[in-house]
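Please look over the model shown here. A short report on its metal site, one buried polar residue and its nonpolar cores follows.

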Amino acid sequence: MQITSFRKTTNLNCSSPDALIKILPEVVNQVEKKGFSVFSAWDTEADTVQKIARQFGKIMRHIRADESGITTVAQGKSWHQNSNSSQNSPIEKNEYQSYDADEVIAHTDGTFIDGMNIIDGQIVRVEPPYVVLFQCVAPAEQGGELILIDTQQVLSDMLVENAQLAKILLTPGCISFCRDDQIALDFPVFQQRFDGSLRVRINCDNKAFTPDWSYEAVKRLYEEYFKNPKYRVALKLESKDVLVIDNYRVLHGRAVYQVYNNNNIRHHRRIWVANEPPNLVKNLQEEVKMKRAFETYNSYRITSPLLEEVPFKIKGGIRLKAESEKLLPGILHDLNISGSKER
Ligand SMILES: [Fe+2]
């Protein structure tokens, strides 16, 4: 697939844990401006990416992650090996695409998550991660670039040049997701947030489902926009690089890579950060009680203390250019959804 540009990662360096606090304002600035940031950290230890992630928000579990929230992304950790170490995992082999050397089509992480759980005595919404971090331990010998797509640019252009397509993709019910025991029903691809920004939720693999009326629109979004080199950037992370992605705005995928003599050396780690502050909800009878349905979301719960202070908050999500933003109210009014924003 054609790609806009290959970037030699970054000039931003962090040579020691003590230097972290000095570069993080610039990392936040870059994520808010272009949806992602890359910097070179001091080593490739798992603790390092965990420490960095906690600067931006609370760590969120993933069903394949270890206790600290880290998921290893490496073919060496194949489904077979992983299934030995987590016998109780109900995930099917075909869910383990991260470990293949094939292309991974660009997507939002956690599209299928939409629930509630109880944390520190409060009822908290469980949602896709706000920020996703990748740490490169070792790059592939050839290929394996991370492909990033800025949907802020995509939606800004689409509103001007193809309002009808944008309208379908802004309509609740246009897409649903299911993976394993998780289901997220009737979402728009682009959803308004409480602060006037929007967030994206999309993938096009076997986790995604559409009704007839939006099937072609979702296909067109991938064909006409996400495959367009204008919106795509490829990053070849080097050892010690850390990539920080605004998952409400920027999609990520991975280019195919070469495995020589069955010996894969590509090794990345991934960690999820929950939205900050977490979305709290109240039971109408003021009851805080675990329900069986909540248990499904234990695999994706926030693991950091709820009151933990977050030093470097990222103002994420899609913020449209003025020219596009002025078209949005008309479309939302037509859809009669101006009052049904996400919290
Ligand atoms: Fe992903």
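**Metal site.** This is a predicted model. Three residues hold the iron ion: His107 through NE2, Asp109 through OD and His252 through NE2, at 2.2 Å. Along the sequence these donors follow the pattern H-x1-D-x142-H. Two of the donors can be checked for burial. Residues count as buried under 20% relative accessible area. His107 has 12%, so His107 is buried. Asp109 has 5%, so Asp109 is buried too.

**A buried asparagine.** Asn117 sits in strand β6, which covers residues 115-119. Its relative accessible area is 0%, so Asn117 counts as buried. What does the side chain of Asn117 reach at 3.4 Å? The partner is the backbone oxygen of Tyr297. A polar contact also links the side chains of Asn117 and Arg301, at 3.0 Å. The table sets out these two pairs.

| Asn117 side chain with | Distance |
|---|---|
| Tyr297, backbone oxygen | 3.4 Å |
| Arg301, side chain | 3.0 Å |

Leaving aside residues up to four places away in sequence, Asn117 touches Gln122, Ile123, Val124, Val126, Met290, Phe294, Tyr297, Asn298 and Arg301.

**Nonpolar cores.** The largest nonpolar core contains 60 residues. Leu169, Ile202 and Leu243 have the most contacts inside it. Which helix gives the most to this core? Helix α6, residues 212-226, does, with 6 residues. Another core lies apart from it, with 28 residues, including Leu12, Trp42, Ile52 and Ile314.

Helix α6 has 15 residues. From first C-alpha to last, α6 reaches 21 Å, close to the 21 Å expected at 1.5 Å a residue. Its buried residues are Ser214, Ala217, Val218, Leu221, Tyr222, Tyr225 and Phe226.

Ile202 touches several residues of this helix, among them Val218, Leu221, Tyr222 and Phe226. Ile202 also touches His107, one of the residues that coordinate the iron ion. Other contacts of Ile202 include Thr108, Thr111, Ile175, Phe177, Val189 and Leu251.

**Whole chain.** The chain holds 9 helices and 19 strands. Of its 343 residues, 55% count as buried. Among contacts between residues at least 6 apart in sequence, 83% join residues at least 24 apart. The accessible surface comes to about 15,800 Å². Carbon and sulfur atoms account for 48% of that surface.

Note on methods: Residues numbered from 1 in each chain as written. Predicted model: local features only at pLDDT ≥ 70, side-chain atom pairs only at ≥ 80, totals over all residues. Heavy atoms only, no water. Donors = N, O, S within 2.8 Å, 3.2 Å for Na, K, Ca; no water. Buried < 20%, exposed > 50% of the residue type's maximum accessible area, 1.4 Å probe, protein only. Helix = DSSP H or I, 4+ residues; strand = E, 2+ residues; numbered from the N terminus. Polar contact = N/O pair within 3.5 Å; in protein donor to acceptor, adjacent residues only side chain to side chain. Contact = heavy atoms within 4.5 Å. Core = buried A, V, L, I, M, F, W, Y, C linked by side-chain atoms within 4.5 Å. Expected span 1.5 Å × (residues − 1). Areas by Shrake-Rupley, 256 points an atom, 1.4 Å probe, with all protein chains shown as cover.
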